[in-house]
Amino acid sequence: MSKRFFIHQITVYHFDSDENISKIHFNEVYFRHNKKINRVDKGVEMASTGTIYIPTTDNVDITDEDYIIEGIIKDEFNLLELQNKYQVFKVVSVDDNRKGKLQHFKIGVAE
């Protein structure tokens with residue numbers, strides 16, 4: 001994948017094992033969004049999913065406890081306030097693909 005695709009920026013709100021929150025910014029990532037509409041018994045359910053590619057040879061400390069917002073966000077973590085202002089994604093999977101020619105992490109997210 002060409003570097004020209006890595007044009008997005010993200011902010012990760014990372015929770016460590018002691019429930020401390022740190023904010024990590026990544027520049028030059030690829031973020032693909034998918035909007036989904038599901039018909040269910042009680043109407044229509046809308047949600048978004050996405051895949052984020054972070055090209056790096058370094059270890060990235062992201063877990064399924066973390067939240068991601070597209071862009072560089074200055075706000076401190078308050079889930080309800082962030083959801084009112086931004087599209088907030090929850091990390092659902094983290095794949096370490098630091099082997100081969102394009103070393104990267106692949107992050108799966110859902111709204």
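Is Lys23 buried, exposed or partly exposed? In this model, which is predicted, Lys23 has a relative accessibility of 29%, and because that value falls between the limits of 20% and 50%, Lys23 counts as partly exposed. Lys23 is a useful place to begin, since its side chain meets that of Glu76 in a salt bridge, with 3.6 Å from N to O. The two partners come from distant parts of the chain, Lys23 from strand β2 and Glu76 from the loop between β4 and α1, and they are 53 residues apart. Glu76 counts as exposed, because its relative accessibility is 62%.

The structure holds three salt bridges, and side chains of opposite charge can pair in this way when their charged atoms come close. Another of them joins Asp75 to Lys85, where the closest N and O atoms are 2.7 Å apart. Asp75 lies in the loop between β4 and α1 while Lys85 lies in helix α1, so this pair ties together parts that are ten residues apart in sequence. Asp75, at 23% relative accessibility, counts as partly exposed, whereas Lys85, at 54%, counts as exposed. There is also a salt bridge between Asp96 and Arg98, again with the closest N and O atoms 2.7 Å apart; Asp96 is partly exposed at 37% relative accessibility, and Arg98 is partly exposed at 28%.

We can now turn to the aromatic rings. A search of the whole structure finds seven aromatic pairs, and one of them is formed by Phe15 and Phe77, which meet edge-to-face with 5.2 Å between their centres and 90° between their planes. Phe15 belongs to strand β1 and Phe77 to the loop between β4 and α1, so that this pair links parts of the chain 62 residues apart. Phe15 is buried, with a relative accessible area of 13%, while Phe77 counts as partly exposed at 23%. A further edge-to-face pair is made by Phe31 and Phe89, at 5.4 Å centre to centre and 65° between the planes. Since Phe31 lies in strand β2 and Phe89 in strand β5, this pair ties together parts that are 58 residues apart in sequence, and both of these residues are buried. Tyr13, Phe15, Tyr67 and Phe77 form one aromatic cluster, and the charged end of Lys90 sits over the ring of Tyr67, 4.8 Å from its centre.

In soluble globular proteins, nonpolar side chains tend to be buried together. Here the largest nonpolar core has 15 residues, and those with the most contacts inside it are Ile10, Ile52, Ile54 and Ile107. Strands β1, β2, β3, β5 and β6 each give two or more residues to this core. Leaving aside residues up to four places away in sequence, Ile107 touches, among others, Ile52, Ile54, Ile62, Ile68, Val91 and Val94. A second, separate core of seven residues includes Ile69, Ile73, Leu82 and Val88.

Not every buried residue is nonpolar, and Thr11 in strand β1 shows this, for it counts as buried at 0% relative accessibility. The side chain of Thr11 reaches the backbone oxygen of Gly71 at 2.7 Å, and the residues in contact with Thr11 include Lys23, Tyr67 and Ile69.

Finally, the backbone deserves a look. Glu19, in the loop between β1 and β2, has a phi near 65°, a positive value in a residue other than glycine, and Glu19 counts as exposed at 55% relative accessibility. Glu28, in strand β2, likewise has a positive phi, of about 60°, although it is not a glycine.

How values were computed. Residues numbered from 1 in each chain as written. Predicted model: local features only at pLDDT ≥ 70, side-chain atom pairs only at ≥ 80, totals over all residues. Heavy atoms only, no water. Helix = DSSP H or I, 4+ residues; strand = E, 2+ residues; numbered from the N terminus. Buried < 20%, exposed > 50% of the residue type's maximum accessible area, 1.4 Å probe, protein only. Polar contact = N/O pair within 3.5 Å; in protein donor to acceptor, adjacent residues only side chain to side chain. Contact = heavy atoms within 4.5 Å. Phe/Tyr/Trp six-rings, centres within 6.5 Å; stacked < 30°, edge-to-face > 60°. Lys NZ or Arg CZ within 6 Å of the ring centre and 35° of its normal. Core = buried A, V, L, I, M, F, W, Y, C linked by side-chain atoms within 4.5 Å. Salt bridge = Lys/Arg side-chain N within 4 Å of Asp/Glu carboxyl O.
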